[in-house]
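Me: I am new to this structure and would like a close look at a single part of it. Could you pick one strand and walk me through its surroundings?

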Amino acid sequence: MTRPHGIEAVELTKRYGDRTVVHDLTFSVRPGSVTGFLGPNGAGKSTTMRLLLGLDAPTRGHSTVGGRPYPDHPAPLTEVGALLEARSIHPGRTARNHLLALAHTHGIPPSRVEEVIGMTGLTEVAGRRVKGFSLGMGQRLGIAAALLGDPATLILDEPVNGLDPDGVLWIRTLLKSLAAEGRTVLVSSHLMSEMALTADHLVIIGRGRLLADTTVEAFVRDAGASAVKVVSPEAASLAGVLGGPGVEVERTGPDGLLVRGTDSRSIGRTAATHCIPLFELTPVTASLEQAFMDLTHEAVEYQAVPLEGAAA
Ligand SMILES: Nc1ncnc2c1ncn2[C@@H]1O[C@H](COP(=O)(O)OP(=O)(O)OP(=O)(O)O)[C@@H](O)[C@H]1O
């Protein structure tokens, strides 16, 4: 395996007719870690991945994978392994024959086929025809094909789709170990909770635009420290002494406050210093999924519209 350079997308833009589905996307994916590519349905994840893989031409901007535009790699399969949603596998072929054919066309030895069959847990079913495969087995086969060339970079579109809990755990462990070997791993998903357990870094898009480029650690920290609910008979006085740089105090009723930018301990201390009684002091932690939905809310393509006259 050669040293990977990661993935660079620069002002990547794709227009279909008068719709811009990928809008001025600039981001880097570093080797040695798993990067989660997140966004609600229709955000433009698959389109971006197709652009990175040279399967579609950008309207504007450019990208490199492993230091060059994907089509410039003399042996792309050994540089980049990809799993895309639309798979074209001959249904009458066995899994092993599908991989052997792929290996043959790319000058990869048959011994590597057995290796990837083992790595992806397909040993038992490798002799079966692909047309009888479950969605999960099909995903494993797609991942086996992506790994065939022992690539420095992996681009996987929703690899968790169709996998049972064992399969989800397996892919999580596999992606982490591939990254630990120094590979670049870009994996798309619309599940924040899954990516929080799998990825180190997050690139989040909505309606084709970059919404966040951050570490999972920072995202989790920000989601966790969202607010503290305070109830005090002297809420107004407490609000007066709590305010300060970076601290936001919202009145929620005659006795209630919602405080952001600080934590329960320091609110409790400030209240004690000023002899202000507290009836309640509760950290309000937004779930990761909620933080993700808050971030992408505006960008969701199809939002449920409440039915007129429906009971609240
Ligand atoms: N070939 C095409 N022609 C016209 N519109 C397209 C084409 N391919 C994708 N789109 C549109 O581009 C938008 C982004 O689609 P894309 O599949 O990239 O999103 P996604 O984030 O991968 O979504 P999902 O999670 O649902 O797979 C969608 O509105 C889709 O309808």
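Reply: Happily; here is a tour of strand 7 and what lies around it.

Before we zoom in, please keep in mind that this is a predicted model. The protein chain has 11 helices and 13 strands. Its C-alpha atoms fill a box of roughly 80 × 50 × 45 Å along the principal axes. Of the 312 residues in the protein chain, 37% are buried. Among contacts with a separation of 6 or more, 69% are between residues 24 or more positions apart.

Now to our strand. Strand 7 spans residues 184-189, and six of its six residues are buried. In a regular strand, the side chains alternate between the two faces of the sheet. You can follow the two sides here: Thr184, Leu186 and Ser188 lie on one side, while Val185, Val187 and Ser189 lie on the other. Both faces of strand 7 are covered.

Let us look at its partners. Strand 7 runs parallel to strand 3, and five bridges join the two. One place to see this is valine 34, whose bridge partner in strand 7 is valine 185. Strand 6 also runs parallel to strand 7, again with five bridges. There, threonine 153 stands opposite threonine 184.

A good residue to pause on is valine 187, which sits in strand 7. Is valine 187 buried or exposed? Valine 187 counts as buried because 27 other C-beta atoms lie within 10 Å, and the cut-off for buried is 20 or more. Leaving aside its neighbours within four places in sequence, valine 187 is in contact with Val34, Gly36, Phe37, Leu156, Pro159, Leu175 and Ala199. For a sense of distance, take leucine 135: between leucine 135 and valine 187 there are 18 Å in space, C-alpha to C-alpha, and the two are 52 residues apart in sequence.

Leu175, one of those contacts of valine 187, leads us to helix 6. This helix covers residues 165-180, which makes 16 residues. From its first C-alpha to its last, helix 6 reaches 23 Å, close to the 22 Å expected at 1.5 Å a residue. Its buried residues are Gly167, Ile171, Arg172, Leu174, Leu175, Leu178 and Ala179. These buried residues are on the same side of helix 6, because they cover an arc of only 165° around the axis. A general point helps here: an α-helix has 3.6 residues a turn, so residues three or four places apart point the same way. On the other side of helix 6, the exposed residues are Pro165, Asp166, Leu169, Thr173, Ser177 and Ala180. What do the buried residues of helix 6 pack against? They pack against strand 7, together with strand 3, strand 6, helix 5 and helix 7. Just after helix 6 comes glycine 182, with a positive phi of about 100°.

Next, go back to strand 3, the partner that covers residues 34-38. Besides its bridges to strand 7, strand 3 is joined by four bridges to strand 8, and these two strands run parallel as well. In that pairing, phenylalanine 37 has valine 203 of strand 8 as its bridge partner. Phenylalanine 37 is also one of the contacts of valine 187.

Strand 8 (residues 201-206) is largely enclosed by the rest of the structure, because six of its six residues are buried. His201, Val203 and Ile205 point one way from strand 8, and Leu202, Ile204 and Gly206 point the other way. Strand 8 also pairs with strand 9 (residues 209-215), this time in the antiparallel sense, over six bridges. Histidine 201 stands opposite threonine 215 there. Strand 8 and strand 9 form a hairpin with two residues between them, and arginine 207 in the turn has a positive phi of about 45°.

One last stop is the ligand. Its shell includes Gly39, Lys45 and His190. Helix 1 (residues 45-52) gives the largest share of that shell, with three residues. By class, the shell has three nonpolar, seven polar and one charged residues.

To retrace the route, start at strand 7 with strand 3 and strand 6 running parallel to it, then find helix 6 with its buried residues packed against these strands.

Methods: Residues are numbered from 1 along each chain as its sequence is written. This is a predicted model: local features need pLDDT of at least 70, side-chain atom pairs count only at pLDDT 80 or more; totals for chains, interfaces and linings use all residues. A residue is near a molecule or strand if its C-beta atom, placed from the backbone, lies within 6 Å of it. Ala, Val, Leu, Ile, Met, Phe, Trp, Tyr, Cys and Pro count as nonpolar, Asp, Glu, Lys and Arg as charged, and the others, Gly among them, as polar. A residue is buried if 20 or more other C-beta atoms lie within 10 Å of its own, exposed if 12 or fewer, and partly exposed in between; C-beta atoms are placed from the backbone. Two residues are in contact if their C-beta atoms, placed from the backbone, lie within 7 Å. Two strands pair if DSSP finds at least two bridges between them. The expected span of a helix is 1.5 Å times one less than its number of residues. The arc is that of the directions from the helix axis to the C-beta atoms.
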